[in-house]
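Visitor: I am new to this structure, and I would like to understand how each label attached to it is justified. Could we take the terms one after another, with the reasoning spelled out?

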Amino acid sequence: MKPGIVIAAPMSGAGKTTVARSLMAAMVRRGLRVQPFKCGPDYIDTKFHTAVCGRPSVNLDLFMATSGHVRALYERYTEDADIAVVEGMMGLFDGYREAEGSTAEVARTLGLPVVMVVDARSAAYSMAALLKGFTTFWEGLEWAGVVFNRVGSDRHAQMLHDVARAVGIPCLGCLPKEPSVAVGERYLGLDFSLLPIKDAAPQTASLHAACRHIAVARDAEAFSFIYQEVLDQLAECGEVTFFNPLRDEPLPPQTDFLYLPGGYPERHLPGLHAATAARESIRRYAEAGGRVVAECGGMMYLCRSITDDSGTYTMCGVLPYDITARTADRRLHLGYRRFVLNGEEMRGHEFHYTRYAGTTPPSAADVSDAKGQRVDTPVIVQQGVLASYIHLSRMPLPAAATTAGDATP
């Protein structure tokens with residue numbers, strides 16, 4: 001297994017992404033081939049990793065995949081790399097059920113050492129108690145060291161070096177307070193609208209003899225929440241073509257499978273509304289029985305309309321439902337999801353503030369969270385369309401190629 005490190009923290013907001021990207025950039029400058037990973041279902045941090053490393057960042061998620069699959073992913077994507085940098089999620093031991101699925105469990109599964117990023121604002125020797133607790137809480141974790149972030153002065157840095165020495169963990173560095181390097185955030189995470197689109201090219205894979213023509217909607221924001229492993233799965237099934245509905249690009253000819261991923265469509269309603277050729281081509285394809293998987297923002301785009309604070313905008317009209325993105329209607333829906341459809345268990349993640357306006361769709365499956373508790377997230381099945389607010393960890397694709405007339409999702 002190729003060498004790597006896991007970047008973790010006691011909690012969100014401590015600076016994991018800053019430290020991870022900085023280490024990636026430093027390694028790339030030294031000529032190393034760095035393979036980035038992200039713990040959990042995050043589809044935003046991976047874009048920053050990809051921009052730095054020049055190769056797709058891959059999610060490692062122990063709810064959506066087994067430990068054996070996570071190890072296989074690590075080995076597969078690091079095969080031609082020199083080193084891996086794995087950015088953790090939330091706090092080190094925060095999982096979907098206690099520590100299950102946490103960054104710590106990913107580190108232990110892969111046997112990788114942990115670098116702890118600690119926000120040291122307004123604290124000095126108290127950091128010793130925090131570090132002592134984290135480094136002794138679980139057996140079986142290897143510790144590479146600690147990076148103190150938002151350090152106030154040289155004297156503060158020296159005090160923190162003394163803290164690390166007292167705990168017996170290497171101090172790898174102290175990052176000063178520097179507001180100019182802070183990354184702005186939006187209500188679904190970091191602002192990535194200016195990043196180049198590099199994560200969308202699937203790895204080359206052998207195709208079936210009867211090649212399926214797969215269309216994937218993609219742009220920098222409206223349709224951009226795409227897991228690299230899903231793209232690679234699609235590439236194993238057929239020829240993948242990207243198109244941009246926001247630029248009024250119609251569905252590519254010969255499409256027999258359409259993937260509409262999530263993103264920020266609610267931030268581009270006038271443009272999506274004006275792109276009539278794209279909307280009409282998708283509506284005609286779906287009404288003819290074409291196979292479609294639409295997730296979150298992609299599902300919203302398939303609905304009749306989306307309303308925000310400025311008005312109501314017509315969308316594709318494939319699904320007879322309406323979405324509200326009005327500020328007054330915002331409500332957070334967040335968490336892992338699973339459901340069984342046609343005898344197959346599907347797993348994914350839900351994270352949005354928009355919701356259905358008026359009629360809520362009936363669900364074709366019972367949906368539960370990571371703890372097995374029922375949630376009210378509908379799974380829509382309509383002819384060849386499978387749509388919901390859930391970002392799936394993999395595509396529900398049949399073994400053999402289908403045609404647009406196949407109406408079984």
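**Reasoning from values to labels**

Guide: Let us begin with D162 and R165, whose side chains meet in a salt bridge with N and O 2.7 Å apart. Please keep in mind throughout that this is a predicted model.

Visitor: What makes the contact of D162 and R165 a salt bridge?

Guide: The label requires a side-chain nitrogen of Lys or Arg within 4 Å of a carboxyl oxygen of Asp or Glu, and the N to O distance for D162 and R165 is 2.7 Å, so the pair qualifies. Both residues belong to helix α6 (residues 154-167), where they are 3 residues apart, about one turn of the helix.

Visitor: Why is R165 called exposed, and why is D162 called partly exposed?

Guide: Exposed means over 50% relative accessible area, and buried means under 20%. R165 has 58% and is therefore exposed, whereas D162, with 34%, falls in between and is therefore partly exposed.

Visitor: Which side chains meet D119 in salt bridges?

Guide: D119 meets R121 at 2.7 Å, N to O, and R150 also forms a salt bridge with D119, the closest N and O atoms being 2.9 Å apart. Because R150 lies in strand β6 (residues 143-151) and D119 in strand β5 (residues 114-119), that pair ties together parts that are 31 residues apart in sequence. R121, at 45% relative accessibility, counts as partly exposed, and R150 is partly exposed at 25%. The whole structure has 19 salt bridges, and K38, D45 and E87 are linked in a network of them.

Visitor: How do you know that K16 has no salt bridge?

Guide: The nearest side chain of opposite charge, E87, is 5.5 Å away from K16, and a salt bridge needs a distance within 4 Å, so the label is not given. K16, found in helix α1 (residues 16-29), is nevertheless buried, and E87 is among the residues K16 touches, as are I7, M90 and V117.

Visitor: Why is M127 called buried?

Guide: M127 has a relative accessible area of 8%, and since buried means under 20%, the term applies. M127 sits in helix α5 (residues 126-137), and its contacts beyond four places in sequence include V118, D119, F148 and L160.

Visitor: How do you know that the buried residues of α3 are on the same side?

Guide: The buried residues of helix α3 (residues 67-77) are V70, L73, Y74 and Y77. They cover an arc of only 100° around the axis, which puts them on the same side of α3. The elements they pack against include β1 (4-8), β4 (83-87) and α7 (228-237).

Visitor: What makes β17 and β22 edge strands?

Guide: Three strands form an open sheet in the order β17-β18-β22, with antiparallel pairing. β17 (333-341) and β22 (391-392) each have a single partner strand, so one side of each is left without a neighbour in the sheet.

Visitor: How do you know that β18 and β22 pair?

Guide: Pairing requires at least two bridges, and β18 (residues 344-352) and β22 are joined in the antiparallel sense over 2 bridges, so the requirement is met. H391 in β22 is the bridge partner of H349.

Visitor: Which residues touch the most other members of the largest nonpolar core?

Guide: They are L92 and F148, in a core of 80 residues. Apart from it lies another core, of 37 residues, among them L269, A286, L319 and Y321.

Definitions and conventions:
Residues are numbered from 1 along each chain as its sequence is written. This is a predicted model: local features need pLDDT of at least 70, side-chain atom pairs count only at pLDDT 80 or more; totals for chains, interfaces and linings use all residues. Side-chain values use heavy atoms; hydrogens and water are left out. Buried means under 20% relative accessible area, exposed over 50%, partly exposed in between (1.4 Å probe, protein chains only). Helices (H or I, at least four residues) and strands (E, at least two) are DSSP runs, numbered from the N terminus. The arc is that of the directions from the helix axis to the C-beta atoms. Contact means heavy atoms within 4.5 Å. Lys and Arg count as positive and Asp and Glu as negative; His and the chain ends are not counted. A nonpolar core is a set of buried Ala, Val, Leu, Ile, Met, Phe, Trp, Tyr and Cys residues joined through side-chain atoms within 4.5 Å.
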